[in-house]
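Dear colleague,

Please find below the structure that I am handing over to you. My findings follow directly after it.

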Amino acid sequence: NLAKQKALKQAALQASKKKTIIVAAKHSSASKTESESESSQQQISPSQQQQQQQQQQLLQRSRKRGRDSIVEKTRDERDDASSGGGGGGGQRSPEIKLPIPNALKAQLVDDWERVTKDKLLVPLPRNPTVAQMLVQYQEHRRTIKDKDKRRSGKRDDDEVVDEIVDGLRIYFDKALGNILLYRFERYQYKQMREKYPDKQASEIYGPEHLLRLFVQLPNMVAHTSMDDDAVQLIKENMADILKYMHKASKSLFVDEYENASPAYVAIAKAT
């Protein structure tokens, strides 16, 4: 019995040593792998690092171009959905480019995908409406009037802003049914006009549709007979409104679009 107990103790001791050796070997192997990984990272030459940075910059620019092209596509699809043709001659105003913040471009892309691909609708009437948002913007401008000296020596800044905001609202009311709707939204527009016959579009629709107008606005202004000073004034104020929409985007844009009923989908497809 004593001999058996000694033999068992020796076997247990040897097994314990083997386990310790295996664990140590595994730890050594893992440490070696980490060391080799760090060494390989340290061995990247400055030229290779510069190349990696250039590739990342190219990727970012490519994503921006893709986002911009989709924004242009949303405009083209709304043009196709509208009944109007193009054209006309006459004197053209100088072309303007509006700096739309990237976050608002992303909003335009999300809006396009929700309506045209997911077959969702902006819930109407909106809160805030376009008219309400523009009033909020006017109040915002008045609170910072003393900080804005860009037009010193000209007419009162409040008067200029009021005129431009009023013009933008009128533009929106006239443009919505013609060039700002996707085909899937046209039946909803018909429903809103029947339900609220005494209200303007700016009193029903919200910032989601107003933002679409800014994509169309440069082309619309180009077909007017405004002089350079007037065009520049419009450009400055439209850019400021876009900045305001960007800053207040969380309170302006709806989080969830609504599902269209099967009956609505059937009618929308037929029209």
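Leaving aside neighbours within four places in sequence, Pro-128 is in contact with Met-133, Gln-136, Gly-206, Pro-207, Ser-251 and Leu-252. Please note that the model is a predicted one. Pro-128 lies in the loop between β1 and α4. Is Pro-128 buried or exposed? Its relative accessibility is 7%, so Pro-128 counts as buried, the limit for that class being under 20%. One of its contacts, Gly-206, is 78 residues away along the chain, yet the C-alpha atoms of Pro-128 and Gly-206 are separated by 6.1 Å.

Contacts between distant parts of the sequence are also found in the chain as a whole. Among contacts between residues at least 6 apart in sequence, 87% join residues at least 24 apart. The protein chain has 10 helices and 2 strands, and along the sequence these follow the pattern α-α-α-β-α-α-α-α-α-α-β-α. Of its 271 residues, 35% count as buried.

I turn next to the interior. The largest nonpolar core comprises 55 residues, and those with the most contacts inside it are Leu-210, Phe-214 and Met-245. At least two residues of this core come from each of α3 (102-117), β1 (120-121), α4 (130-143), α5 (157-180), α7 (207-222), α8 (228-247) and α10 (262-270). The element that gives the most to this core is α5, with 10 residues. Which residues does Leu-210 touch? Not counting residues up to four places away in sequence, Leu-210 touches Val-130, Met-133, Leu-134, Leu-168, Phe-172 and Met-245. Met-133 is thus named twice, as it is in contact with Pro-128 and is touched by Leu-210.

The last point concerns a pair of helices. How are α3 and α7 arranged with respect to each other? Their axes are 10 Å apart, and the helices pack at an angle of about 115°. Angles of 65 to 115 degrees count as roughly perpendicular, and α3 and α7 are therefore roughly perpendicular to each other. The crossing of the two helices, α3 and α7, is left-handed. On the side of α3, the residues that take part are Leu-104, Gln-107, Leu-108, Asp-111 and Val-115, and they meet Glu-208, Leu-211, Arg-212 and Val-215 in α7. By class, this contact of α3 with α7 has 5 nonpolar, 1 polar and 3 charged residues.

With kind regards

Note on methods:
Residues are numbered from 1 along each chain as its sequence is written. This is a predicted model: local features need pLDDT of at least 70, side-chain atom pairs count only at pLDDT 80 or more; totals for chains, interfaces and linings use all residues. Side-chain values use heavy atoms; hydrogens and water are left out. A nonpolar core is a set of buried Ala, Val, Leu, Ile, Met, Phe, Trp, Tyr and Cys residues joined through side-chain atoms within 4.5 Å. Buried means under 20% relative accessible area, exposed over 50%, partly exposed in between (1.4 Å probe, protein chains only). Helices (H or I, at least four residues) and strands (E, at least two) are DSSP runs, numbered from the N terminus. Contact means heavy atoms within 4.5 Å. Axes are lines fitted to C-alpha atoms, for helices over the stretch in contact, and angles run from 0 to 180 degrees between N-to-C directions. Angles under 35 degrees count as roughly parallel, over 145 as roughly antiparallel, 65 to 115 as roughly perpendicular and the rest as oblique. A crossing is left-handed if the near helix is turned anticlockwise from the far one by less than a right angle, and right-handed if clockwise. Ala, Val, Leu, Ile, Met, Phe, Trp, Tyr, Cys and Pro count as nonpolar, Asp, Glu, Lys and Arg as charged, and the others, Gly among them, as polar.
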